[in-house]
Amino acid sequence: MTRGAPIFKLRNAADAKIYFLSFGSAFIHDSSFLHASNLHDELVHVRFHSKRSHLSISYMRILSGIQASGLLHIGNYFGMMRPAIALQAEGEAFYFIADYHALTTVRDPKALRENTRRVALDFLACGLDPERAALFRQSDVPQVTELAWILSTVAPMGLLERSHSYKDKLARGLAATVGLFNYPVLMAADILMYDSDLVPVGKDQKQHIEITRDLAVKVNDTFGEIFKLPEARIQAATEVVPGIDGQKMSKSYGNNIDIFGDEKETRKRVMSIVTDSTPVDAPKDPAKSIIFKLYSLVASKDEIAKMRDQFLKGGAGYGDFKKQLFDKLWEYFAAMRKRREEILSDKSYIDNVLARGAERANGVADQVMQRVRNAVGLR
Ligand code: AMP
Ligand code: TRP
């Protein structure tokens with residue numbers, strides 16, 4: 001790697017990242033200065049290994065998880081899976097099926113086992129490339145529970161008591177278990193365990209990432225620079241995909257359209273999207289329509305513009321728009337349905353992918369845990 005001229009002194013990893021992202025260069029450490037070179041066009045960024053600013057070049061780490069609590073819906077797809085799949089080409093990606101987290105709500109062992117495999121299947125069918133991204137079960141890296149314990153010893157009760165998702169779950173009638181309360185701590189462990197830079201998620205997970213950063217800062221302040229601070233990657237256009245009743249799409253609200261639902265059920269769900277009572281002839285507001293919002297996710301620019309005109313002109317009923325939405329939706333996922341069938345025909349494919357993913361994930365987790373155990377005095 002050749003050296004360029006000294007550029008400027010960087011104070012911390014955030015500075016380095018900003019520099020890289022704006023100039024697209026790799027950095028080389030040289031005493032207290034950094035040099036830039038343009039040898040890499042892949043996404044790399046500088047990682048600090050110790051307080052003494054010893055630097056090395058490494059790939060951007062991208063991490064996300066998805067709970068094994070049932071069939072995946074198009075809110076999961078557009079909110080998290082599609083962005084995660086797009087990012088797998090930009091760094092080292094680690095994606096996992098959060099089966100420990102699912103245990104806070106799933107009480108049926110057979111269902112948990114089946115859901116875990118089905119999430120893996122669906123994620124692969126949607127384009128996760130196991131040659132690029134490690135796909136694994138959360139419980140294949142049991143050290144996360146140890147890290148969660150360590151984090152829980154610095155986690156302020158008040159911080160967790162403010163968790164929206166905990167409060168929502170209690171409001172929906174779930175029992176207030178310690179596991180449910182600690183959910184964000186385990187999630188922080190998931191993220192910090194892999195020195196993650198970016199965490200692609202839907203908006204509902206934003207607070208969990210903020211809690212993760214708070215906990216990382218607490219540990220760093222107490223024991224020294226152990227953790228890097230991860231950032232949420234939330235796509236504005238798909239941060240909250242609406243369900244058929246207009247609320248956030250969610251399995252627990254029963255308003256979901258599944259990615260791989262059968263044709264009849266999917267059509268039925270689309271046809272039951274809630275609409276207002278504007279007559280067929282009257283102009284309609286596309287911005288207020290769930291149909292239009294969902295159509296915008298699956299149709300081309302021209303098709304979206306055409307539907308917008310039809311809304312504004314009047315003369316077409318919601319039933320027509322729903323039919324157009326169903327057709328586009330069905331077409332959008334056609335190739336993925338095909339890929340899903342192919343994967344299903346290879347009996348050992350999913351197990352092999354998960355085993356390889358677990359091995360890669362454990363490789364990183366072992367190193368980070370060693371660092372953490374040393375720092376806190378367990379070793
Ligand atoms: P979960 O099913 O709760 O494990 O969610 C998995 C991922 O999908 C998380 O990143 C969520 O933020 C995202 N997600 C779930 N529902 C939606 C939605 N309706 N809109 C956008 N993102 C969503
Ligand atoms: N809580 C996340 C959800 O419900 C799933 C999850 C668990 C996760 N651990 C994570 C997401 C770590 C991102 C990073 O969607």
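Trainee: Why is Leu-103 called partly exposed in this model?

Mentor: The model is a predicted one. Leu-103 has 18 other C-beta atoms within 10 Å. A residue is buried with 20 or more and exposed with 12 or fewer, so a count in between is called partly exposed. Leu-103 is therefore partly exposed.

Trainee: Where does Leu-103 lie, and what separates the C-alpha atoms of Leu-103 and Ala-68?

Mentor: The loop between α3 (99-102) and α4 (109-125) holds Leu-103. Its C-alpha atom and that of Ala-68 are separated by 8.7 Å, while the two residues are 35 residues apart along the chain.

Trainee: What makes a residue count as being around ligand 2?

Mentor: Its C-beta atom, placed from the backbone, must lie within 6 Å of the ligand. Around ligand 2 there are 14 residues, and Ser-64, Gly-65, Ala-98, Met-187 and Asp-190 come nearest. β5 (61-67) and α8 (178-192) each supply at least two residues of this shell, and β5 gives the most, with five.

Trainee: How do the residues of the shell around ligand 2 divide by polarity?

Mentor: Seven are nonpolar, six are polar and one is charged. Gly counts as polar under the definition used.

Trainee: Which residues come nearest to ligand 1, and which element supplies the largest share of its shell?

Mentor: Among 16 residues around ligand 1, the nearest are Gln-67, Gly-75, Gly-79, Met-80 and Gly-202. The largest share, four residues, comes from α2. Both β5 and α2 (74-87) supply at least two residues of the shell around ligand 1, whose residues divide into six nonpolar, eight polar and two charged.

Key. Residues numbered from 1 in each chain as written. Chains lettered and ligands numbered in written order. Predicted model: local features only at pLDDT ≥ 70, side-chain atom pairs only at ≥ 80, totals over all residues.
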